[in-house]
Amino acid sequence: MSITRRQFGRQITAMSALSMAARFSPRALAQSAESASPQPVGYAIIGLGRIADHFMRGIQASPGSKVTALVSGHRDKAERIAAQYNVPKSSIYSYEEMDAMRSNKAVEAVYVALPNSMHAEYTIRSAKAGKHVLCEKPMAVSVAESKSMIDACNQANVKLMIAYRCHFEPTNLKAVKLIHDGEIGKVQSIQSAFGFDIGATEWRLNKKLAGGGPMMDVGIYCLNATRYLTGEEPSDLRAYATSDASDPRFKEVEENLVWNTKFPSGVVASCNTTYGANMGGYYRVYGSRGWIEASPAFNYDGLRLRAEYLGRDGKWVSLDEPNLEKDPIQFTRQADHFSACIRRNLTPKTPGEEGLRDMELIARLYNSAGITML
Ligand code: NDP
């Protein structure tokens, strides 16, 4: 933590910011190099949609993790997937039956891959059934729900991790290291964006299920990145939102959201997110001696890191590093980490509190933009 302070040359007073920087520091992550545990952690996958598919494929390469149960509203689909992952039919549950998992010893953890507004209920039910919880982002659709998830997991003495896969991803980790090592000098500003042109039938457009628009879904990557890139917590935020009133997709959730953030050290960030245009997720960080860019920064693969800065020896450094890893490796790493935390009784690097912090910031952003949360 003292290194972070020295490198930014500023006082980061908030303890939360320091603990975030420590958790994301490359050294802490390197130390956590997960090793296979003798007995794989059995996961129940709750909600068999697109991200669950990535996770289940990823888990196959994680020696410490295994799919052992499925929870779904579609029995046929669940049976097909069960056959693929050698899950017994007796370990397929409907949402209504899910609490019976309590007595299923093959299930130690769950992966909650449901629409956002269902995260809290299924996290709390899983905790009450004695299962550790890996929950997709955004953690929930409100600050109150997020707190209740943390409380439920604490009361049940189970671990809660929010699936922020970029915290385990080498391109993002290298950007963090270069910045924290002071390579681009004193950080001044960050630009970041992530968005896509959404299909009209997505549950993401239904406020009751999504809790909000692109901010909840993909803008959260930019918000979280500004926090891990700086190792600081925002001191001030302002946001504006717009929606095309004639577009039926945006009757309930925002179409565009743009926001500015001020950090205690003086770093400023300018971010935007949309459901109206394909906007490859990226960030660019400007420092007193140069810049670093990850573009794409948040995809499942194909990430690329570029940088130009004046090195300490007075020579310009030019980096261009495509990341050749293939999907679903990010999901393997995430499962490796959570399973190791369960086996070794460690706190995950992205615990519930990390998700809560983003939810608190999203609440402030929505408030600033005049958007009411659920
Ligand atoms: P999908 O629509 O692809 O899957 C969601 C699944 O949830 C469905 O397949 C369904 O599974 C179940 N479900 C239960 N009730 C409903 C309902 N009322 N409407 C729709 N689905 C329902 O969503 P994603 O996989 O894209 O997203 C799921 C979560 O993962 C979201 O919170 C999202 O933010 C997050 N996510 C994270 C990403 C990451 O990179 N970390 C990327 C994409 C999404 P079944 O048919 O089995 O019941």
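Before I show anything, let me settle one word: a residue is called exposed when its relative accessible area is over 50%, and buried when that area is under 20%. With that in hand, please keep in mind that what we are looking at is a predicted model, and that residues are numbered from 1 along the chain.

Let me begin at the surface. Asn86 has a relative accessible area of 68%, and therefore counts as exposed. This residue is placed in the loop between helix H5, residues 75-84, and S3, and its phi is near 55 degrees, which is a positive value in a residue other than glycine. Asn157 can be described in a similar way, for it too has a positive phi, of about 60 degrees, although it is not a glycine. You will find Asn157 in the loop between H7 and strand S6, the latter covering 160-162, and with a relative accessible area of 67% it is exposed.

While we are on the subject of the backbone, there are two cis peptide bonds that I would like to point out. One runs from Lys137 to Pro138, with omega near -15 degrees, and Pro138 lies in the loop between strand S5 (132-135) and helix H7 (143-155). Another runs from Ser295 to Pro296, with omega near -5 degrees, and here the proline is found in the loop between S12 and S13.

Now let us turn to the inside of the model, and to the aromatic rings. How many aromatic pairs are there? The count comes to nine. Let me take one of them slowly, namely Tyr283 and Phe298, whose ring centres are 5.9 Å apart and whose planes meet at 55 degrees, so the pair is tilted. The reasoning is that planes under 30 degrees apart would count as stacked and planes over 60 as edge-to-face, and the rest are tilted. Where do these two residues sit along the chain? Tyr283 belongs to strand S11, residues 279-287, and Phe298 to the loop between strand S12 (290-294) and strand S13 (304-310), so the pair ties together parts that are 15 residues apart in sequence. Both Tyr283 and Phe298 are buried, and together with Phe194 and Tyr221 they form one aromatic cluster. Another ring worth a look is that of Trp291, because the charged end of Arg284 sits over it, 3.8 Å from the ring centre, and a distance within 6 Å is part of what that description requires.

The same two buried aromatics bring us to the nonpolar cores. In soluble globular proteins, nonpolar side chains tend to be buried together. The largest nonpolar core here has 75 residues, and those that touch the most other members are Leu229, Trp259, Tyr283 and Phe298. Helix H10, residues 214-230, gives the most to this core, with ten residues. Domain 1 (32-163 + 332-350) and domain 2 (168-324) both contribute residues, so the core lies between them. There is also a second, separate core of 27 residues, which includes Val41, Met56, Tyr85 and Tyr111.

Let me add three single buried residues. Ile190, in strand S7 (residues 187-195), has a relative accessibility of 1% and so counts as buried; its C-alpha atom is separated by 9.6 Å from that of Ala225, although the two are 35 residues apart along the chain. Met98, in the loop between strand S3 (92-93) and strand S4 (109-112), is buried with a relative accessible area of 0%. Ser65, in strand S2 (residues 65-71), is at 6% and therefore buried as well. The side chain of Ser65 makes a polar contact of 2.7 Å with the side chain of Ser339, and a polar atom of that Ser65 side chain lies 3.5 Å from the backbone oxygen of Ala335.

Finally, the ligand. Which residues come closest to it? Of the 27 residues that surround the ligand, the closest are Ser72, Lys77, Tyr95, Asn116 and Arg165. Some polar atoms can be followed one at a time: a backbone N or O atom of Leu48 lies 2.9 Å from an oxygen atom of the ligand, a polar side-chain atom of His119 lies 2.9 Å from a ligand oxygen, and an N or O atom in the side chain of Arg204 is 2.8 Å from an oxygen atom of the ligand.

Key
This is a predicted model: local features need pLDDT of at least 70, side-chain atom pairs count only at pLDDT 80 or more; totals for chains, interfaces and linings use all residues. Side-chain values use heavy atoms; hydrogens and water are left out. Rings of Phe, Tyr and Trp (its six-membered ring) pair if their centres lie within 6.5 Å; planes under 30 degrees apart count as stacked, over 60 as edge-to-face and the rest as tilted. Helices (H or I, at least four residues) and strands (E, at least two) are DSSP runs, numbered from the N terminus. Buried means under 20% relative accessible area, exposed over 50%, partly exposed in between (1.4 Å probe, protein chains only). A charge sits over a ring if NZ of Lys or CZ of Arg is within 6 Å of the ring centre and within 35 degrees of the ring normal. A nonpolar core is a set of buried Ala, Val, Leu, Ile, Met, Phe, Trp, Tyr and Cys residues joined through side-chain atoms within 4.5 Å. Domain bounds come from an automatic or database domain assignment. A residue is near a molecule or strand if one of its heavy atoms lies within 4 Å of it. A polar contact is a pair of N or O atoms within 3.5 Å; within protein, one must be able to donate a hydrogen and the other to accept it, and residues adjacent in sequence count only if both atoms are side-chain atoms.
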